[in-house]
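Okay, thanks for making time for this one. Let me put the structure up, and then I'll walk you through it.

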Amino acid sequence: MHQNFDVGRTTLVAAMLGLAALAVHSSLLAEVQKLNAIKAINAAAATAEVTVTPLRDGFSVLMGSGGNIIVFNGKSGKLMIDSGIAVSQPRVEAALARTGPGKIKYLINTHHHWDHTDGNSWVAKTGATIIAHRNTLKHDSVDVHVDDWDVTFKALPPDARPSVLVDREKTLDFDGNKVVIEHFAGGHTDSDLWVWFPRQDVIAVGDVFWNGMYPFIDTQYGGDIDDNILWVDKVLAKVGPNTIIIPGHGAVADRAALAEYRSMLVGVRDKVAALKKEGKSVEQIIAARPTAPFDARYGGAVIAPDTFTRFVYRGL
Ligand SMILES: [Zn+2]
């Protein structure tokens with residue numbers, strides 16, 4: 001297993017996560033996709049600049065610390081969605097300050113993965129109330145071993161764990177703005193939440209959507225391809241042409257981009273399902289390249305086509 005990352009690889013991983021513009025040479029891309037994705041994301045976060053993209057009505061998205069971090073500035077402070085990776089705390093704090101004054105009042109975790117919750121430790125110390133699905137508390141209260149990359153994540157310290165839990169749905173009032181938090185099923189994990197702001201027409205959907213990239217689907221912790229598609233269908237049914245859709249990874253999107261993503265998920269699922277039904281092994285299915293029509297659009301990021309095919313296969 002590769003343990004070290006030189007500057008070129010770290011920059012490339014940052015580029016693959018949408019953190020920097022870089023022309024990617026295909027042989028180098030193939031090499032990086034064989035590396036340990038978790039270590040690669042951590043290495044990129046350790047040095048990556050944290051960028052601020054202002055959206056509308058007090059919303060901004062911060063990129064460069066693992067998953068996307070969303071900030072909604074209100075009169076009473078900040079509502080933050082996901083906390084990124086702790087190593088980039090100084091850069092995240094500086095970026096937050098650039099979005100507006102005020103302390104973090106609420107932090108909502110879209111799911112339990114470390115690249116969305118590792119920063120909870122420092123955010124909790126600022127006095128924020130942390131909200132998440134009950135399974136985020138469950139998984140982040142113990143050491144978690146991720147078999148796909150053979151990495152163990154230590155439990156979050158007790159103060160950094162969510163104290164307000166969501167099972168199916170919770171509605172918050174934030175400065176007179178309605179915030180609707182919902183869970184439907186295990187899509188990417190069994191702890192997924194979306195956060196919907198009806199007045200601003202903004203929705204943060206977490207890792208059920210990786211814009212422009214093949215996703216990780218955490219079949220070890222309750223995710224599967226069909227439920228990931230179900231989540232995408234729920235979002236598509238809810239949003240309109242002007243809705244801002246913020247994915248867990250990748251650029252801020254709209255309904256058309258999510259619909260295109262759905263076509264990819266369904267296209268790969270149908271092909272893998274048909275081959276599996278014929279009795280083909282996962283290696284035979286990978287050799288048949290079921291992702292081929294989508295590789296140019298989605299294959300240039302941290303999850304390689306073969307790896308994504310394995311995640312799909314496991315859920316069927
Ligand atoms: Zn995730």
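One definition before we start: when I say two residues are in contact, I mean that their C-beta atoms, placed from the backbone, lie within 7 Å. And some ground rules. This is a predicted model, so local features need pLDDT of at least 70, side-chain atom pairs count only at pLDDT 80 or more, and totals for chains, interfaces and linings use all residues. Residues are numbered from 1 along each chain as its sequence is written.

With that in hand, look at Met80. Leaving out its neighbours within four places in sequence, Met80 is in contact with Ile69, Val71, Ile104, Tyr106, Leu107 and Val123. Met80 also turns up in the largest nonpolar core, which has 81 residues; it is one of the six that touch the most other members, along with Ile70, Ile108, Val195, Val205 and Ile303. By nonpolar core I mean a set of buried Ala, Val, Leu, Ile, Met, Phe, Trp, Tyr and Cys residues joined through C-beta atoms within 7 Å. And buried means 20 or more other C-beta atoms within 10 Å of the residue's own, exposed means 12 or fewer, and partly exposed is in between, again with C-beta atoms placed from the backbone.

Now the overall picture. The protein chain has twelve helices and 14 strands. Those are DSSP runs numbered from the N terminus, H or I with at least four residues for helices, E with at least two for strands. Of the 316 residues in the chain, 48% are buried. And if you take contacts between residues at least 6 apart in sequence, 65% of them join residues at least 24 apart.

A nice long-range example is Ala40, in helix α3, residues 37-47. Its C-alpha and that of Val302 are separated by 8.6 Å, though the two residues are 262 apart along the chain. Is Ala40 buried or exposed? Ala40 counts as buried, because 23 C-beta neighbours fall inside 10 Å.

On to the sheets. Strands of a sheet pair through backbone hydrogen bonds, either parallel or antiparallel. For us, two strands pair if DSSP finds at least two bridges between them.

Here's the seven-stranded one: an open sheet with mixed pairing, in the order β1-β2-β3-β4-β5-β6-β9. The edges are β1 (51-54) and β9 (164-166); each has a single partner strand, so one side of each is left without a neighbour in the sheet. On average, neighbouring strands here are turned by 20° against each other, direction ignored. For angles, axes are lines fitted to C-alpha atoms, over the stretch in contact for helices, and values run from 0 to 180 degrees between N-to-C directions.

Starting at the β1 edge, β1 and β2 are antiparallel, with four bridges, and Val52 sits opposite Leu62 in β2. The two strands make a hairpin with four residues between them. In that turn, Asp57 has a phi near 55°, positive in a residue other than glycine. Asp57 is partly exposed, because it has 14 other C-beta atoms within 10 Å.

Next along, β2 (59-63) and β3 (69-74) run antiparallel, joined by four bridges, and Val61 stands opposite Ile70 in β3. Helix α4 (89-99) packs on this sheet, touching β1, β2, β3 and β4 (77-81), and its direction makes about 35° with that of β3.

The other sheet is open too, with five strands in the order β10-β11-β12-β13-β14 and mixed pairing. Its edge strands, β10 (169-174) and β14 (244-249), each pair on one side only. Here the average turn between neighbouring strands is 25°, direction ignored.

In the loop between β12 and β13, Asp201 has a positive phi of about 60° although it is not a glycine. After that comes β13 (202-210), which pairs with β14 in the parallel sense over five bridges. Gly206 stands opposite Pro247 in β14.

So which helix packs on this sheet, touching β12, β13 and β14? That's α8, residues 225-238, with a direction about 160° from that of β13. α8 has 14 residues and reaches 20 Å from first C-alpha to last, close to the 20 Å expected at 1.5 Å a residue; the expected span is 1.5 Å times one less than the number of residues. The buried residues in α8 are Ile225, Asp227, Asn228, Trp231, Val232 and Val235. What covers them includes β12, β13, β14, α9 (255-277) and α12 (305-314).

That's my tour, happy to take questions.
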